[in-house]
Amino acid sequence: MVASSVPLTCQACPHVERSLLGNCQHAELSLIAGGKLHQSYSKGQVIFQQGSRAAGLYCVYQGKVKISKLSGDGKEQIIRLAREGDVLCYRSLMIGQFCTTAATALTDCVVCLIPRPDFFSLLEQNPQFSHSLLRLMARNLGDAEERLLHTAYKPVRERLAEALLLLHQAFQPVTDEPFSIPISREDLAALTGTTKETASRLLSEFRDEGLVLTQGSRITVLEREKISQLASLYD
């Protein structure tokens with residue numbers, strides 16, 4: 001369910017402390033609030049397309065988002081997942097005019113947009129913001145390198161376990177209440193780096209082994225520790 005209202009100021013956002021914008025002063029957040037926009041997206045709706053002009057820095061207020069890239073033959077690879085408080089499109093802003101990836105709502109979402117001029121103003125005037133952005137880019141580069149290495153040498157079964165852990169982390173609520181993950185088999189395959197048929201077959205094996213519960217397109221992780229051990233067999 002999409003939030004009926006978004007705070008007028010970034011200071012009032014419940015996710016600001018874990019966001020890149022948590023490094024901004026109150027005056028800077030007030031300046032951002034004057035120019036920021038917010039938009040609601042339905043599940044499956046594209047937030048920005050690969051190759052489109054980078055309009056600014058996107059901040060996830062509510063919902064889950066997949067960041068993906070299309071290969072030359074049109075196959076989708078999910079690069080990472082984003083949740084509340086995460087920022088999107090910063091790398092594209094830093095290196096050029098156009099988006100190098102696409103962002104699509106995995107659930108109903110609300111996403112705020114900080115226009116390009118405000119983003120670059122923060123970058124030039126706030127050293128803490130700049131340093132945090134560099135650390136974020138370095139961390140994501142390290143994650144991407146590790147996933148690339150895993151794609152090269154890890155069997156698909158172990159990669160699927162790894163993908164389930166990423167999804168579990170992205171969808172896990174603040175409380176300890178039970179939850180399920182709404183994810184299509186196509187998206188699960190794109191996150192794992194395999195075909196839909198292989199992802200579905202291995203997921204059925206996980207279900208038969210009591211590691212997960214499936215109901216339609218929803219997955220519930222039952223044995224997180226065992227899945228974690230499976231994912232790290234080749235580390």
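Cysteine 10 is buried, with a relative accessible area of 8%; buried here means under 20% relative accessible area, exposed over 50% and partly exposed in between, with a 1.4 Å probe and protein chains only. This residue is found in the segment before helix 1 (26-35). Helices (H or I, at least four residues) and strands (E, at least two) are DSSP runs, numbered from the N terminus. Not counting residues up to four places away in sequence, cysteine 10 touches Val16, Leu29, Ile32, Ala33 and Lys36, where contact means heavy atoms within 4.5 Å. The C-alpha atoms of cysteine 10 and leucine 230, 220 residues apart along the chain, are separated by 40 Å.

The model is predicted: local features need pLDDT of at least 70, side-chain atom pairs count only at pLDDT 80 or more, and totals for chains, interfaces and linings use all residues. Residues are numbered from 1 along each chain as its sequence is written, and side-chain values use heavy atoms, with hydrogens and water left out.

**Overall form**

The chain has eight helices and 11 strands. Its radius of gyration is 18 Å, close to the 18 Å that the globule rule gives for 235 residues, so the chain is as compact as a globular protein of that length. That radius is taken over C-alpha atoms, and the rule is 2.2 Å times the number of residues to the power 0.38. Of the 235 residues, 46% count as buried. Among contacts in the chain with a separation of 6 or more, 72% are between residues 24 or more positions apart.

**Annotated domains**

UniProt records two domains in an unreviewed entry, tabulated here. Positions follow the numbering used here, feature names are shortened, and annotations may be inferred rather than shown by experiment.

| Domain (UniProt) | Residues | Helix | Strand | End C-alpha distance |
|---|---|---|---|---|
| Cyclic nucleotide-binding | 20-140 | 33% | 34% | 14 Å |
| HTH crp-type | 154-225 | 54% | 14% | 19 Å |

**Helices 4 and 5**

Helix 4 (residues 127-153) has 27 residues, which should span 39 Å at 1.5 Å a residue; its end C-alpha atoms are 39 Å apart, in agreement. The expected span is 1.5 Å times one less than the number of residues. Buried in helix 4 are Phe129, Ser130, Ser132, Leu133, Leu136, Asn140 and His150. These buried residues pack against strand 5 (76-82), strand 6, helix 2, helix 3 (116-125) and helix 5.

Helix 5 (residues 156-171) reaches 22 Å from its first C-alpha to its last, close to the expected 22 Å. Of its 16 residues, 12 are buried, so helix 5 is largely enclosed by the rest of the structure. The buried set includes Glu158, Arg159, Glu162 and His168 as well as Leu160, Leu164 and Phe171.

**Nonpolar cores**

A nonpolar core is a set of buried Ala, Val, Leu, Ile, Met, Phe, Trp, Tyr and Cys residues joined through side-chain atoms within 4.5 Å. The largest has 41 residues, of which Leu21, Leu57, Val65 and Leu88 touch the most other members. Strand 8 (residues 109-115) gives this core its largest share, six residues. Apart from it lies another core, of 27 residues, among them Ala163, Phe171, Ile183 and Ala190.

**Cysteine 89**

Cysteine 89 lies in the loop between strand 6 (87-88) and helix 2 (90-95). Its phi is near 80 degrees, a positive value in a residue other than glycine. Cysteine 89 counts as buried, at 8% relative accessibility.
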